[in-house]
Amino acid sequence: MGLRQHVTSATGGFTRIYYTQIYGIILGLIAMAICLAIDYRSLADKSHFIYLGVLVLLLYVLFFGAVRGGSRRWIGLGVFNLQPSEFAKATLALVLAKFFGESRRGAGALSREELAIGGALTVVPLLLIARQPDLGTAVTLIPVVFAVAYVAGMPMRIFGVLALVGLLAAPLAWKFALQDYQKERISTFLDPSADAKGAGYQQIQARITVGSGGLWGKGFT
């Protein structure tokens with residue numbers, strides 16, 4: 001009875017949403033088991049092939065991908081849709097780790113040439129993903145390259161320089177690079193009350209739900 005009550009409250013009953021979540025959990029467990037069974041070092045050794053494969057999929061999406069909500073981000077496979085941009089983050093981390101590891105050979109800080117190549121490896125998938133358009137996923141590649149480069153020995157002064165460049169470029173990006181809907185997302189993220197019944201509605205309701213429901217929740221069932 002308790003399970004049925006929780007299901008009814010969260011999904012409206014044993015609907016399609018409920019079964020979609022169950023399928024997602026099963027696929028996630030299968031993916032986790034596969035990842036645990038594969039030696040990550042073998043993935044790193046083949047990371048350049050994986051990287052090229054992901055680029056091919058991203059190019060395919062730009063021309064032949066399925067369109068949803070005005071964005072072309074998916075490859076329709078009948079049973080489910082494949083989103084190659086989600087694989088780009090892990091693939092980028094692997095290929096950068098392999099490149100920086102081989103080029104350093106136990107040496108000191110990364111050179112400018114190595115950082116430039118690492119940046120080029122990042123820019124290619126970033127631009128392809130941004131063209132879908134999926135700026136949110138594209139931006140997540142930036143912390144990946146910074147994290148791997150830092151572990152590989154990128155000097156802190158480089159972080160400072162890049163941070164300064166980012167701050168100086170932010171006004172130009174806001175004015176010329178971002179679309180209106182992207183500006184709206186940023187504005188409502190910083191201040192959801194600016195559009196409480198529109199773009200900021202979900203964020204405000206999430207805060208209310210967590211704040212009033214607490215650990216065990218309240219309300220219907």
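**Exercise 1.** Describe the largest pocket by its volume, its central residues and the elements that line it.

*Solution.* Begin with the volume, which is about 1200 Å³ for the largest pocket. A pocket here is an open set of points, on a 1 Å grid over the protein atoms alone, with protein on both sides within 12 Å along at least five of seven lines, and lining residues have an atom within 4 Å of a point. The volume is the space filled by probe spheres set on the points, which are joined across faces, edges and corners. Next, turn to the lining, where 36 residues are found and L126, L135, A138, V139 and I142 are the closest to the centre. Then assign elements: α6 (112-130), α7 (135-139), α8 (141-152), α9 (156-177) and α10 (180-190) each give two or more residues to this lining, and α9 supplies the largest share, 11 residues. Helices are DSSP runs of H or I with at least four residues, strands are runs of E with at least two, and both are numbered from the N terminus.

The model is predicted, so local features need pLDDT of at least 70 and side-chain atom pairs count only at pLDDT 80 or more, while totals for chains, interfaces and linings use all residues. Residues are numbered from 1 along each chain as its sequence is written, and side-chain values use heavy atoms, with hydrogens and water left out.

**Exercise 2.** Describe the second largest pocket in the same steps.

*Solution.* The volume of the second largest pocket is about 570 Å³. Of its 19 lining residues, L27, F80, N81, L82 and F87 are the closest to the centre. Two or more residues come from each of α2 (16-37), β3 (81-82) and α5 (85-104), with α2 giving the largest share, eight residues.

**Exercise 3.** Which class of pair do F63 and F64 form, and are these two residues buried or exposed?

*Solution.* Rings of Phe, Tyr and Trp (its six-membered ring) pair if their centres lie within 6.5 Å, and planes under 30 degrees apart count as stacked, over 60 as edge-to-face and the rest as tilted. The centres of the F63 and F64 rings are 6.3 Å apart with planes at 50 degrees, so this pair is tilted. For accessibility, buried means under 20% relative accessible area, exposed over 50% and partly exposed in between, with a 1.4 Å probe and protein chains only. F63, at 60%, is therefore exposed, and F64, at 59%, is exposed as well. Finally, ring pairs link Y60, F63 and F64 into a cluster.

Conventions. On a 1 Å grid over the protein atoms alone, a cavity is a set of points where a 1.4 Å probe fits but cannot get out, and a pocket is an open set with protein on both sides within 12 Å along at least five of seven lines; lining residues have an atom within 4 Å of a point.
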